[in-house]
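Reader: I should like to go through this structure with you. Could we begin with the terms you use and then turn to the details?

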Amino acid sequence: MKNQITSALSDFFFEYETPRQVLVRNRRVGVVCRLIQLGVLVYIIGWVFIYEKGYQSTDTAVSSVFTKMKGVGYTNVSGRETVWDVADYVFPSQLEGKHNCTSDADCVGGSYKRQMTGVCVNTTKTCEVLAWCPVEDDHTVPSPPLLMSAENYTLFIKNSITFPLFYVTRSNLVEEINKDYLSKCLYHPEDAPLCPIFKLGDIVKLSGFSFENLAQEGGAIGIVIDWTCNLDFHVKHCKPEYNFHGLYGNPTDVDASASIGYNFRYAKHYMEDKVPKRTLLKVFGIRFDIIVKSLARKFDIIPTLTAIGSGVGIFGVATVVCDLVLLYLLPKREFYKNMKFKYTDTHTQQDSESYDLDSNAHYTLEANSRQAQDKSNDTDAEAGSTEAEK
């Protein structure tokens, strides 16, 4: 028992098994195999490594955005001159609504966003509310827009990002930008692609919208700051790219008939003869949504080895396909099956072992017979030699 265990351990540690290889000389199968291997090689190099960058690890950024608007506008409505600056036209939105009714039962006090009195006004079929008087009339919209001069206003964007996995922090105020450059630059996609100061008219134009339409009905523009960086190179090459997309506000959009543009209301309060009053403004504005898109890549040995291992495994597809062709499609498939597989059973093995024993015995007897004959010949030769000497 001890010898068997020792032999088994010895076989396990000091013997190596390898699968049987059959070399098939067939042009069609050979061409199929090489074409499949070539396709796998192109996939690994072209798609996995070059296009998908399978040898790199990735990370997304933590980002913050700061904006500042500059520009002064002037309007003259019915002889009333007004100067508009940043404090007048930059603000968040405030949205409200109204409630229709058919009877007082539809106007339960406090049941909507406003404080209702519980009375349904028959002339307008709306619920009476506690609100400012007179009631707003928003059917008259100035045309052309009052602040068409806003097309020349400028928007300054300051953006900073951090890739925590790679410990890299960047700002859109890159190495080429300084105070002198900021004082005179204006963004242009070709001449000044890194300038963080944008003219509103250029933003709207690059988004594919018309500034006049947006100023009339309002709308939204998406400003995308794209940080796609390959950190295998120096970090100074990690720079932002700006893209502009019209989100809504185009009169030709499919849903324009249901909801056109973008607008909201805000009020300016004041006291007159000790009576609180306010000026309510309905503003058709342009909303800017700043979206930061980021992806950083850097070489990493783990995804590299994973990609290589996966590619080597895919090479086995060629063997599987070629075996299917050999064993099931070619005319000589039975011949290839006999060459590839070795069939054995117990009876055949026993007969083979018995035949080997008989053969060994026969060889032994024959060898002994030859040895005896050789000895007899040697004795006769010696006797003849002795007689000759005498």
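Author: Certainly. A residue is called buried when its relative accessible area is under 20%, exposed when that area is over 50%, and partly exposed in between. Please keep in mind that this is a predicted model.

Reader: Understood. Is cysteine 238 buried or exposed, then?

Author: Cysteine 238 has 2% relative accessibility, which is under 20%, so this residue counts as buried.

Reader: To which residue is cysteine 238 joined?

Author: A disulfide joins cysteine 238 to cysteine 229, with an S to S distance of 1.9 Å. Cysteine 229 is likewise counted as buried, because its relative accessibility is 4%.

Reader: What is the handedness of the link between cysteine 229 and cysteine 238?

Author: The link is right-handed, with 60° about the S-S bond.

Reader: How many disulfides does a search of the whole structure find?

Author: The search finds two. Besides the link just described, a disulfide joins cysteine 185 to cysteine 195, with 2.1 Å from S to S. This link is right-handed too, with 70° about its S-S bond. Both cysteine 185 and cysteine 195 are in the loop between α4 and β9, ten residues apart.

Reader: And are cysteine 185 and cysteine 195 buried or exposed?

Author: Cysteine 185 counts as buried at 10% relative accessibility, and cysteine 195 counts as buried at 0%.

Reader: Which cysteine sulfur is nearest to that of cysteine 33?

Author: The nearest is the sulfur of cysteine 322, at 4.1 Å, and cysteine 33 is in no disulfide. Cysteine 322 is in no disulfide either. The cut-off for a disulfide is 2.5 Å between the sulfur atoms, so the 4.1 Å between these two does not qualify. Cysteine 33 has 14% relative accessibility and counts as buried, as does cysteine 322 at 7%.

Reader: Let us change topic. How many aromatic pairs are found in the whole structure?

Author: There are seven aromatic pairs. One of them is formed by phenylalanine 49 and tyrosine 55, which are stacked, with 6.4 Å from centre to centre and 10° between the planes.

Reader: Why is the pair of phenylalanine 49 and tyrosine 55 called stacked?

Author: Planes under 30 degrees apart count as stacked, and the angle here is 10°, so the term applies. Phenylalanine 49 counts as buried at 17% relative accessibility, whereas tyrosine 55 counts as partly exposed at 22%.

Reader: What about the rings of tyrosine 187 and phenylalanine 198?

Author: The ring centres of tyrosine 187 and phenylalanine 198 are 4.9 Å apart and the planes are at 40°, so this pair is tilted. Tyrosine 187 lies in the loop between α4 (179-184) and β9 (197-199), and phenylalanine 198 lies in strand β9, so the pair ties together parts that are eleven residues apart in sequence. Both tyrosine 187 and phenylalanine 198 are buried.

Reader: Which residues form an aromatic cluster with them?

Author: Tyr242 and Phe244 join Tyr187 and Phe198 in one aromatic cluster.

Reader: Now to pockets. How much space lies in the second largest pocket?

Author: The second largest pocket holds about 590 Å³ of space. Its lining has 21 residues, and those closest to the centre are Val22, Leu23, Val24, Asp323 and Leu326.

Reader: Which helix gives the most to that lining?

Author: Helix α8 gives the most, with six residues. At least two residues come from each of α2 (27-51), α8 (316-328) and α9 (333-340).

Reader: How do the lining residues divide by character?

Author: The lining of the second largest pocket has eleven nonpolar, five polar and five charged residues.

Reader: Turning to strands, in what sense do β12 and β13 pair?

Author: Strand β12 (residues 263-272) and strand β13 (residues 275-284) are antiparallel, over ten bridges. Phenylalanine 264 stands opposite valine 283 in β13. The hairpin has two residues between the strands, and aspartate 273 takes a positive phi near 55° there.

Reader: One last item: where is valine 235?

Author: Valine 235 is in the loop between β10 (219-230) and β11 (241-248), and counts as partly exposed at 29% relative accessibility. Valine 235 and arginine 170 are 65 residues apart in sequence, with 8.6 Å from C-alpha to C-alpha.

Note on methods: Residues are numbered from 1 along each chain as its sequence is written. This is a predicted model: local features need pLDDT of at least 70, side-chain atom pairs count only at pLDDT 80 or more; totals for chains, interfaces and linings use all residues. Side-chain values use heavy atoms; hydrogens and water are left out. Rings of Phe, Tyr and Trp (its six-membered ring) pair if their centres lie within 6.5 Å; planes under 30 degrees apart count as stacked, over 60 as edge-to-face and the rest as tilted. Buried means under 20% relative accessible area, exposed over 50%, partly exposed in between (1.4 Å probe, protein chains only). Helices (H or I, at least four residues) and strands (E, at least two) are DSSP runs, numbered from the N terminus. On a 1 Å grid over the protein atoms alone, a cavity is a set of points where a 1.4 Å probe fits but cannot get out, and a pocket is an open set with protein on both sides within 12 Å along at least five of seven lines; lining residues have an atom within 4 Å of a point. Grid points are joined across faces, edges and corners, and a volume is the space filled by probe spheres set on the points. Ala, Val, Leu, Ile, Met, Phe, Trp, Tyr, Cys and Pro count as nonpolar, Asp, Glu, Lys and Arg as charged, and the others, Gly among them, as polar. Two strands pair if DSSP finds at least two bridges between them.
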